[in-house]
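Got your viewer open? Let's take a short walk through this one, stop by stop.

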There are 4 protein chains.
Amino acid sequence: MLLRLRSSASLAELEAVRALARELGYRARSVGERLDLLQLEGSDALVGGPDHPARFLDLSAVAEVLDRGAARELWQRAPGRAATVVEVAGVPIGGDGVVIIAGPCAVEDRERLLEVARGVRAAGAVLLRGGAYKPRSSPYSFQGLGEPGLALLAEARAETGLGIVTEVLDPRDVERVGLVADMYQVGARSMANFALLTELGRTQKPVLLKRGFAATVEELLGAAEYILAGGNEQVVLCERGVRSFDRVTRNLLDVGAIAHLAGATHLPILVDPSHAAGRADLVPRLARARPAAGAHGLVIEVHTAPEEAHSDGRQAIDLATLQQVVDDARALAELDGRVLVTRPTGHSSAHTRAPKRSCPS
Amino acid sequence: MLLRLRSSASLAELEAVRALARELGYRARSVGERLDLLQLEGSDALVGGPDHPARFLDLSAVAEVLDRGAARELWQRAPGRAATVVEVAGVPIGGDGVVIIAGPCAVEDRERLLEVARGVRAAGAVLLRGGAYKPRSSPYSFQGLGEPGLALLAEARAETGLGIVTEVLDPRDVERVGLVADMYQVGARSMANFALLTELGRTQKPVLLKRGFAATVEELLGAAEYILAGGNEQVVLCERGVRSFDRVTRNLLDVGAIAHLAGATHLPILVDPSHAAGRADLVPRLARARPAAGAHGLVIEVHTAPEEAHSDGRQAIDLATLQQVVDDARALAELDGRVLVTRPTGHSSAHTRAPKRSCPS
Amino acid sequence: MLLRLRSSASLAELEAVRALARELGYRARSVGERLDLLQLEGSDALVGGPDHPARFLDLSAVAEVLDRGAARELWQRAPGRAATVVEVAGVPIGGDGVVIIAGPCAVEDRERLLEVARGVRAAGAVLLRGGAYKPRSSPYSFQGLGEPGLALLAEARAETGLGIVTEVLDPRDVERVGLVADMYQVGARSMANFALLTELGRTQKPVLLKRGFAATVEELLGAAEYILAGGNEQVVLCERGVRSFDRVTRNLLDVGAIAHLAGATHLPILVDPSHAAGRADLVPRLARARPAAGAHGLVIEVHTAPEEAHSDGRQAIDLATLQQVVDDARALAELDGRVLVTRPTGHSSAHTRAPKRSCPS
Amino acid sequence: MLLRLRSSASLAELEAVRALARELGYRARSVGERLDLLQLEGSDALVGGPDHPARFLDLSAVAEVLDRGAARELWQRAPGRAATVVEVAGVPIGGDGVVIIAGPCAVEDRERLLEVARGVRAAGAVLLRGGAYKPRSSPYSFQGLGEPGLALLAEARAETGLGIVTEVLDPRDVERVGLVADMYQVGARSMANFALLTELGRTQKPVLLKRGFAATVEELLGAAEYILAGGNEQVVLCERGVRSFDRVTRNLLDVGAIAHLAGATHLPILVDPSHAAGRADLVPRLARARPAAGAHGLVIEVHTAPEEAHSDGRQAIDLATLQQVVDDARALAELDGRVLVTRPTGHSSAHTRAPKRSCPS
């Protein structure tokens, strides 16, 4: 059972709620950082007393008794609810716009990063992605540059004006990464890292949440809910392919899942064709699946010398190919009455504004 | 070892080849119906004598010794080889055209079939699909009308001029189904039915070969090779989604596989968004994945009263939605400099012509 | 709707049933070869008239109105129903016995086959498996010896007294293969070949039905039902691993599925550790999963010189390892109060008897 | 390139190594907490100079140049290397023993926990499992009692003498959970939480590492390597089923993976039949797959009133069933010349000793 409390309730009134919960055998638990919600749980809650909701409603502090399903609605599309538009360094993600986020898999060295950053900006990307912390299957693989990598990203932003999307792996790094990131990335391997998600829910910074490679759509939305329930409404979902049995591509881009999500949630959705394909030659084709799914943009790995990359070089496209992907995305967007989002004039600041909502849909 | 024989070779010269094969411990086997190929197999073949190829080449009947890999090239895209265009009842599949094939999952009754046939023609579909023989997981489910269903399909063709695409399940039905079908369909469950594929290789009628729901791309191409090696070059591949762990869609449309195939084979490729989605509401979106994959058309289930269908009604779209899918496909095709194929003028005959090839690509 | 008819019903009485069916808009269809069952289908059947069952029951020919679920019960375990024991060349499969079926993947040559046959008999196997017809992903791979292979199997039976389990791929081969086979094998790729299953349902010979590598348990049981509904009760299921994402084994042995089946069906179940592992070194270990699943025996690939096999040599174990597997299976069977089935005394005949049922369980 | 350094090397000698690395364009990185290993990485490292290893060996501080593969050997079984036996609260895991670890999914309340703890001890389990921190797909599901749950586990240990296996989700909780846990559990969702693994590598406490539900065997071993490379050798692997397409079980127990691991690694391996089955009725059967895989024990969910559990009650078995599982495991172990490990006499302390190794195998 989930209670919504009146904001006007006094401490004594709130204590009466907790006293009744104890009496009836429930454990009371807060939901994220939201003081206005109280989750009641316990052995008895499963069988429940048919009169329990009414008894709680009798208390002056209780505004409403929501069921568990109601609590889930934070990600749900609902009549009258506007689609969420998340603004990252002046760039709106969601609504009728289509954004291109591009950059290297990992930040490797200063010159290369700046070269890529200038190149992706020239090609039409509006945000720069690049990892300073990399999740790698082996402890002996390149783990990213860490803090020096963050500093390089800050420098790239200063020079190019592109907002930064970068991965955070550890809840203890959220603050540190947040000093540079305009948008946190939660990678596929971290989608079920609930401690990390909870920590990100406590920030007011946009989060790019990638679907785990064997996560159901329901689990992806559950992960989003962890962030939303904490009070951070700036969540953008990202499909990057699921693991399957065939080997011609690295993963299998789940276009159907995105198509489903487009109808189910008000959150923006991006497509990552690079991790799905795992092969640079297929990235431009898979990038064209975005309109099929009704998604709001692309996240693409780019490298100026893919064959020299420390990680994932096989799937990074070069700048000329990126230009082709951007042009193609523009044409496809226009076909749908959408518009390819261009870089905001004036350098963005690292401080993002509150999320805006587009007209209802 | 695979030998290519001179067409000018006499029977006596051919017998010399077989005699040497026996002497060296090989079994000689013909490849499909191709008289010019001879496959040599056997325990000894695996270890092989290093001088065996030379000894065969010494014989006057042997033009060339091909290895097993070379034999696989029938589906392979090769420099200078034109992309295959398969013509079905006057409709070209492949090349720069985009075709829409539509119709009910199963032929159910005369009135309904004619109604759907007229409707899909009006919407812009150029071939009518519909099953008279249905593969069903339970012996108690509706198995299709069988021969009476074929007769109804013939009637629908006579009235609408649309060529017929219909499934064949049993090698013993190839001739009977071929009396009506302009294009055989091999369903996902039959993709590895090698007896059926071999039988279809002996015909000169187009085959729509659907990927098994857990078949690798390599296995799909191997299945195509069975038909091609038999001498029937009119094979069109079809991706219809693979089985996966999530449940929001019935199958997972493997856009990456099609994108890979587009570069790997000269055969045309279609997309079936209906079986992939398993939900009518997602079909229009998944239909938009066709250009992403560089595919040559769509196969779509349509029903005038989806809720009354005997099978798969949940995924069939209505005629109004089909119109929208066709219009969308036209716009997307034009964006790529392709053209939506329209119905040939004059009624098609059931006799299809030899496959044509478009300009090399 | 499924009707059970009285065996005493006259043709006129039966015609009254069909007339009512027509009147109410149903199509009447017989169920396999069973004269006592009549399946009613059609658009109207889906909505149904609430009084339809009663109207049919009013007819003298109708003994009972079964729903579709009831029709499925042929494979279902039910209170009071004995577990099925299928007898193959004198060897009982099912009940409390544990059988070992072994042999080469494919019949290759006379000497080798006889050598393996003698070897597997000596090791304790009670039936000989070996393919004369092989389903292969490429048309250029060794397809089996065909009829000469069948003749060699017959010779192996004559010499060793072991009953023969061999694959049939094509409904047109059922009679020919049946001249030699004591038990038909339906391979994983043919599990959904409903024409083949229907044909096998018309025989009275045991069928070893292997699960498709991406078939659900429900689909496996549906395939069994095709054979059972045709009147052939001698079906043995076989789990051989499903396709998954990891590569350390060829397939993933679904022990849970067998454990589930053991409770759900009265049909015997075998385990094929060879195709599951795809690696000879793991076969003895996976063979030990049989008791976990409550299965009734093992199907194992054996080769006297695995490295020389034309197909699947990588997963075939040698005779010494087979001996170890058999000894291990005996010890595990005894732990459970089961008994390893030994070869029947006297040579078996190719004519199998009617299936017996063990005591209820 | 991976260098092994002499423990006698001076700081000046070590600096010479780093200087050469810089000169040649490598980044030097330490491996976990091991001072004796130095990982060299960088763009140049990928092409490498053929004389680079020799130049490093010339330096007095370098004992040996290991390649990346060599670095992986921490989990690898090697000739002469003993199988690892991890001792948890006096209970050895690995070698010839078979252990039963049992308990509730989550710690719920004091009475129930103590009741279960007494029960599982009486049945023959030697360690108590139970989660105080639970990873849940929804933020509104019961997340575990947290610290009060740890206190209850400590109380259960004090009363029953059973060592505690409990999950840690957050690297910030490692110390806190370690005050009570005799063995940390890393759940399937955290297997790729590299920050957590690294933190656990810094402790000297046993870790039960569960395979992610879509992790390859290689990824599981990579995760183990993170802990091992940090200097903590007390890692026990656990297979709990992978995600697949069928629904009769919750997951698919990958017996083949365990069978492979048994030959590939010296680390002990446990089987969790509860999460694999997801159904209490199948747990006893799947528990019997342990000897198939050559695993060293079972992790089982038990509840005294499964229908009242807050989480996963559907898969928890009751105490009577646990007794049957333990008896069965004992019989199966004895068949293999193994022995079911019994509870150490005297209460265990929370301080675990250094890992022991059994005789080489």
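What rotation superposes chain A on chain B? Keep in mind that this is a predicted model, then color the two chains separately. A turn of 180 degrees, with 0.1 Å of shift along its axis, lays chain A on chain B at an RMSD of 0.3 Å. The two copies are thus related as by a two-fold rotation axis. To find that axis, select A:Ala289: of the residues of chain A, its C-alpha comes closest, at 2.6 Å. Both copies use the same surface, with 100% of the contact residues of chain A recurring in chain B.

Next, bring up the contact itself. Select the 35 residues that chain A puts in and the 36 residues from chain B. Between them the chains bury about 2,700 Å², and 66% of that is on carbon and sulfur atoms. Now pick out A:Phe245, A:Arg285 and A:Arg288, which lose the most area to chain B in chain A, together 22% of what that side buries.

Time to look for charges. There are four salt bridges between chain A and chain B. For one that you can click on, try B:Arg211 and A:Asp246, where the closest N and O atoms are 3.8 Å apart. Polar contacts link 10 residue pairs across the two chains, counting pairs with both residues at pLDDT 80 or more.

Last stop: switch to cartoon view and stay on chain A. Among the elements giving two or more residues to the side that touches chain B are H12 (283-287) and H14 (319-335). The largest share, seven residues, comes from H10(A). Color that side by class and you'll get 22 nonpolar, five polar and eight charged residues.

Terms used. Residues are numbered from 1 along each chain as its sequence is written. Chains are lettered from A and ligands numbered from 1 in the order in which they are written. This is a predicted model: local features need pLDDT of at least 70, side-chain atom pairs count only at pLDDT 80 or more; totals for chains, interfaces and linings use all residues. Side-chain values use heavy atoms; hydrogens and water are left out. Contact means heavy atoms within 4.5 Å. Buried area is the accessible area (1.4 Å probe) that two parts lose on being put together, summed over both. A salt bridge is a side-chain nitrogen of Lys or Arg within 4 Å of a carboxyl oxygen of Asp or Glu. A polar contact is a pair of N or O atoms within 3.5 Å; within protein, one must be able to donate a hydrogen and the other to accept it, and residues adjacent in sequence count only if both atoms are side-chain atoms. Helices (H or I, at least four residues) and strands (E, at least two) are DSSP runs, numbered from the N terminus. Ala, Val, Leu, Ile, Met, Phe, Trp, Tyr, Cys and Pro count as nonpolar, Asp, Glu, Lys and Arg as charged, and the others, Gly among them, as polar. Copies are superposed by least squares on the C-alpha atoms of residues with pLDDT of at least 70 in both.
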